[in-house]
Amino acid sequence: MKEECGVAGLILPEDRSLSNTVAFKLYYALYALQHRGQESTGIMVYDGTAPHSIKGMGLVPDVYSKESLGRLIGNVGVGHVRYSTSGGSKIENCQPFILNFKGGTVAISHNGNLVNAKALKDELECEGRIFISDSDTEVIGHLLVKELIRHKPVESIRNVMRKLVGSYSLVIHINGILYAVRDPFGFKPLCFGEVDGGYGVFSESVAIDTLNGTLIRDVHPGEVIVFTGDGFESHQIGCEPHPAHCVFEFIYFARPDSVIDGKLVYKVRENIGRELAREHPVDADIVSPVPDSGITSAIGYARESGTKYLECLMKNRYIGRTFILPGQELRETAVRLKMNAIHDNIKGKRVVLVDDSIVRGTTSRRIIDMVRRSGASEVHARVGSPAIIAPCYLGIDMATRQELIASYKTIKEVESLINADSLGYLSIDGLMRALECDKNDMCIGCLTGEYPVEIPGENCRRKQMRLDDFNNMEDSRIASSNS
Ligand code: AMP
């Protein structure tokens with residue numbers, strides 16, 4: 001199952017009287033992370049003895065009410081927004097995953113995708129463990145509870161990390177304490193900050209901004225951070241020689257106002273536009289974005305090329321998911337409801353249309369046709385990512401290889417299929433320049449078909465740290481806010 005998610009955790013000082021502040025703040029944080037998942041959401045708050053939670057299918061403002069949140073009393077909590085595709089759309093998969101066991105209460109919010117979830121689940125099922133969901137987060141939960149019966153939390157988390165292969169940014173609650181965990185490659189983002197005298201851990205820094213907090217830093221790959229309301233303690237459990245941050249977070253997924261692994265996403269996208277302009281210049285009258293995801297790169301392209309920036313398309317801000325309407329005419333009405341062309345800005349112009357990515361190619365075709373119908377004399381497509389040729393197994397819902405247009409068509413063929421006068425994809429080197437980093441420090445599996453971890457039937461780009469190396473690594477306490 002492929003998932004795209006947002007995670008959140010918040011802990012306030014213990015001396016603060018129990019209130020619903022944590023619940024309301026988590027609600028706002030999840031609202032800020034809504035772009036990471038629109039299918040379901042959940043919040044769990046712990047009152048010192050028991051967990052209280054709300055979970056539901058749908059968007060953040062639809063699932064919670066002032067009354068229901070008001071009943072979630074406690075100084076520590078975790079939250080989640082989730083989006084999944086293949087068959088996983090059901091309440092059982094809604095997170096945070098909460099387990100009550102002999103030693104207390106665990107709640108887990110997970111962003112990422114485990115490559116070895118099935119093998120781990122088979123093993124646990126053979127031991128008699130019963131699963132209620134098909135989410136790999138439940139696998140992590142069972143493994144963790146098994147460890148917690150015998151070990152302390154950090155040791156337990158470390159033992160679980162040894163078993164997991166894939167991507168995981170986790171926010172975990174165990175008996176009133178909050179833990180942030182990032183896999184040794186640091187695939188998915190995770191950062192923390194000071195919020196309201198305590199600490200908050202989130203998928204993206206925009207959640208910290210929303211709560212009027214202060215970003216402290218990203219959670220390092222392979223790091224476990226323990227948060228009490230009064231301080232935090234870091235344990236560097238083990239990490240790979242090179243990180244493998246997900247490149248698609250920067251291309252499309254994250255909000256441009258987030259800072260991820262020290263980089264402002266907006267700046268990266270503007271750089272992407274500039275690189276695109278250098279690599280694929282074209283004589284044109286205007287540069288226009290495909291809203292909203294192409295806006296920042298289009299600004300970069302216009303600035304670098306000196307071509308006028310003018311919007312050709314407007315997106316309906318209030319559109320949620322539209323259901324599939326019967327009949328071609330109604331379907332086309334639904335497309336126009338989502339996006340409309342500004343005819344006067346387009347008529348008779350040579351247009352450079354900048355989008356963040358082409359996945360299946362259907363969106364580009366529709367949009368280019370729309371711009372042509374408004375009278376553009378030429379439409380040049382510029383794409384802020386290299387061709388996506390391979391699926392993602394590590395947390396982005398990218399489509400299967402057969403659906404990825406660039407996996408079986410040449411650039412010229414894609415150009416004619418989307419009906420563009422010319423098509424230019426950013427190169428991998430150009431993307432790395434925009435990111436100001438080395439490709440060895442990013443996961444670019446979707447662009448190359450070579451992944452940082454072993455995936456059955458796929459190529460592994462580099463030797464992964466062996467589990468024994470990982471096991472022998474010293475658990476070094478590297479920093480602590482209160483020692
Ligand atoms: P298409 O080529 O028709 O599959 O659509 C590509 C467009 O969908 C891009 O312009 C992106 O803005 C958006 N997109 C790219 N990746 C994803 C994703 N993983 N989930 C949802 N939308 C995406």
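**Ligand shell, salt bridges and one helix**

In this predicted model, an oxygen atom of the ligand sits 2.6 Å from an N or O atom in the side chain of threonine 363. Aspartate 356 also brings a polar side-chain atom to the ligand, 2.7 Å from one of its oxygen atoms. With valine 359 it is the backbone that takes part: a polar backbone atom there is 2.8 Å from a ligand oxygen atom. Taken on its own, the ligand has 500 Å² of accessible area, and the protein covers 82% of that. Two elements, helix H8 (247–253) and helix H13 (362–373), each give two or more residues to the shell around the ligand.

That shell holds 15 residues, and the ones that come nearest to the ligand are Asp355, Asp356, Gly361, Thr363 and Asp397. As for character, the shell splits evenly: five of its residues are nonpolar, five are polar and five are charged.

Away from the ligand, charged side chains pair up too. Searching the whole structure turns up 28 salt bridges. One of them joins arginine 82 to glutamate 39, with 3.3 Å between the closest N and O atoms. Arginine 82 belongs to strand S4 (residues 76–84), while glutamate 39 sits in the loop between helix H1 (21–32) and strand S2 (40–46), so this bridge ties together parts of the chain that are 43 residues apart in sequence. Both ends are tucked away from the surface: arginine 82 is buried, at 0% relative accessibility, and glutamate 39 is buried as well, at 9%.

Another salt bridge, between aspartate 122 and lysine 118, has its closest N and O atoms 3.0 Å apart. Here the partners are local: they are four residues apart in helix H4 (residues 117–126), and therefore about one helical turn separates them. Neither end is buried. Aspartate 122 is partly exposed, with 33% relative accessibility, and lysine 118 is exposed, with 60%.

A third example pairs the side chains of glutamate 304 and arginine 278, at 3.1 Å from N to O. This one links distant parts of the chain, with glutamate 304 in helix H10 (residues 295–305) and arginine 278 in helix H9 (residues 265–279), 26 residues apart. Both partners count as partly exposed, glutamate 304 at a relative accessible area of 30% and arginine 278 at 47%. The pair doesn't stand alone, either: through salt bridges that share partners, Glu304 and Arg278 belong to one network with Glu270, Arg274, Glu275, Glu279, Arg303 and Arg433.

Helix H4, home of the bridge between aspartate 122 and lysine 118, also shows how a helix can have two sides. Its buried residues include Ala117, Leu120 and Leu124. Viewed down the axis of H4, the buried residues fall within an arc of 70°, so they line one face of the helix. The face turned away from that buried side carries the exposed residues Lys118 and Cys126. Lysine 118 thus appears twice in this account, as an exposed residue on that face of H4 and as the salt-bridge partner of aspartate 122.

Definitions and conventions: Residues numbered from 1 in each chain as written. Predicted model: local features only at pLDDT ≥ 70, side-chain atom pairs only at ≥ 80, totals over all residues. Heavy atoms only, no water. Near = heavy atom within 4 Å. Polar contact = N/O pair within 3.5 Å; in protein donor to acceptor, adjacent residues only side chain to side chain. Areas by Shrake-Rupley, 256 points an atom, 1.4 Å probe, with all protein chains shown as cover. Nonpolar A, V, L, I, M, F, W, Y, C, P; charged D, E, K, R; others polar. Salt bridge = Lys/Arg side-chain N within 4 Å of Asp/Glu carboxyl O. Buried < 20%, exposed > 50% of the residue type's maximum accessible area, 1.4 Å probe, protein only. Arc of directions from axis to C-beta.
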